[in-house]
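User: Please choose one part of this model and look at it closely, then work outward from there. I am new to it and would like the terms explained as they come up.

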Amino acid sequence: MADPRKAVAENVDGAFFVDSTCINCDTCRQLAPTVFEDAGEYSSVCAQPKNDSEEREAFHALLACPTGSIGTRSQNKAKSYLSDFPLRIDDNIYYCGFNSEKSYGANSYFIEHKDGNWLIDSPKYLPYLAQKFKEMGGIKYIFLTHRDDIADADRYAHEFKAERIIHKDDADSQPDSERLIEGKDALQFAPDFKIIPVPGHTRGHMVLIYKDTFLFSGDHLHYDRSRKHLAAYRSVCWYSWPEQRASMARLAKHRFQWVLAGHGNRVHLNEDEMSKQMHELVEKMK
Ligand code: SF4
């Protein structure tokens, strides 16, 4: 629970506040951009919610915050917004919420699919969320983009008898994974699902493209909301920046309209604009 005595000085007066335990993961700024802002080393409340919709977004952020660093001094209505999760993004695609500190607050996603549902990276394990997944038909596959964002994948895998898919080069982080992907070649895993190894951020990083429309990009690629452009994080490229650039160039040959990132903003662009920005990014990464 957030502690009002530890509230950061940058918060504006009012109900919502961020305390000093914030790890600056960006989740709240993605979910409630009118309420939370980047204060340098952490987030702060830049404006209190002005209407019901902004209040709902602020409670979504409070629930999703990996460190419980967001609090409210007025009535805590978080419980009444719990049932919004997982949050529907589009079609049968959901953002799970409940980001885990184990993955530095990375986003995870859920695809409801007639041939079995997919979890992409893992949220915190919560009985509530597990029950929701059960009601939605369970989990058949857990796609792990890379070693950093596995969080509680093992608990979800055991509970749902799901198959974890991870690249061999990152598999020591989840050694009992059921499916290992090798090499750098794109793989049509199932009719709607394409797996593409993209070494760079880590040696075994992979992305998933669903229906040639939704790219689950892990930490390989995200949308920079201040520059309004696709971007990659060089400062947290743990394995090889030249490899990440080469991977980006290979990925630019594929079609998609959404980027759903582990860290950083998600974005929906038309296919031409997405392709243009991908090629511009590859140039910038030189
Ligand atoms: S979601 Fe929580 S930890 Fe992440 S930036 Fe916001 S307050 Fe900080």
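Analyst: What follows starts with one loop residue and then moves on to other places in the chain.

The model is predicted: local features need pLDDT of at least 70, side-chain atom pairs count only at pLDDT 80 or more, and totals for chains, interfaces and linings use all residues. Residues are numbered from 1 along each chain as its sequence is written, and side-chain values use heavy atoms, with hydrogens and water left out.

The residue to look at closely is D26, in the loop that runs between β1 (16-18) and α1 (27-31). Helices (H or I, at least four residues) and strands (E, at least two) are DSSP runs, numbered from the N terminus. D26 counts as buried because its relative accessibility is 11%; buried means under 20% relative accessible area, exposed over 50%, and partly exposed in between (1.4 Å probe, protein chains only). The backbone of D26 has a phi near 90 degrees, which is positive although the residue is not glycine. Most residues other than glycine have a negative phi.

What does the side chain of D26 meet? The side chain of R29 is joined to that of D26 by a polar contact of 2.8 Å. A polar contact is a pair of N or O atoms within 3.5 Å; within protein, one must be able to donate a hydrogen and the other to accept it, and residues adjacent in sequence count only if both atoms are side-chain atoms. With residues up to four places away in sequence not counted, D26 touches R225, G264 and N265. Contact means heavy atoms within 4.5 Å.

The ligand comes next. It has 13 residues around it, and C22, C25, C28, S43 and C65 come nearest; a residue is near the ligand if one of its heavy atoms lies within 4 Å of it. The shell consists of eight nonpolar, four polar and one charged residues. In these classes, Ala, Val, Leu, Ile, Met, Phe, Trp, Tyr, Cys and Pro are nonpolar, Asp, Glu, Lys and Arg charged, and the others, Gly among them, polar.

A58 belongs to helix α2, which spans residues 52-64. Its relative accessibility is 0%, so A58 counts as buried. The C-alpha atoms of A58 and A32 are 5.5 Å apart, with their positions 26 residues apart along the chain. Besides A32, and leaving aside neighbours within four places in sequence, A58 is in contact with F16, V35, F36 and P49.

Two further backbone features can be added. The peptide bond that leads from F85 to P86 is cis, with omega near -5 degrees, and P86 lies in the loop between α3 (78-81) and β5 (87-90). Most peptide bonds are trans. D121 has a positive phi, near 60 degrees, and is a residue other than glycine. This residue sits in the loop between β8 (118-120) and α4 (127-135), and D121 counts as buried because its relative accessibility is 2%.

Further along is I142, in strand β9 (residues 141-143). I142 counts as buried, since its relative accessibility is 0%. Its partners beyond four places in sequence are L119, A153, Y156, A157, A162, E163, R164 and I165. Between the C-alpha atoms of I142 and S122 the separation is 8.0 Å, and the two are 20 residues apart along the chain.

C237 is found in the loop between β17 (229-231) and α6 (241-251). With a relative accessible area of 16%, C237 is buried. Leaving aside neighbours within four places in sequence, C237 is in contact with G200, H201 and Q244. A186 is 51 residues away from C237 along the chain, and their C-alpha atoms are separated by 21 Å.

Is K114 buried or exposed? K114 counts as exposed because its relative accessibility is 73%. K114 lies in the loop between β7 (109-111) and β8. Its side chain and that of D115 are joined by a polar contact of 3.3 Å. The C-alpha atoms of K114 and G137, 23 residues apart along the chain, are 9.1 Å from each other.
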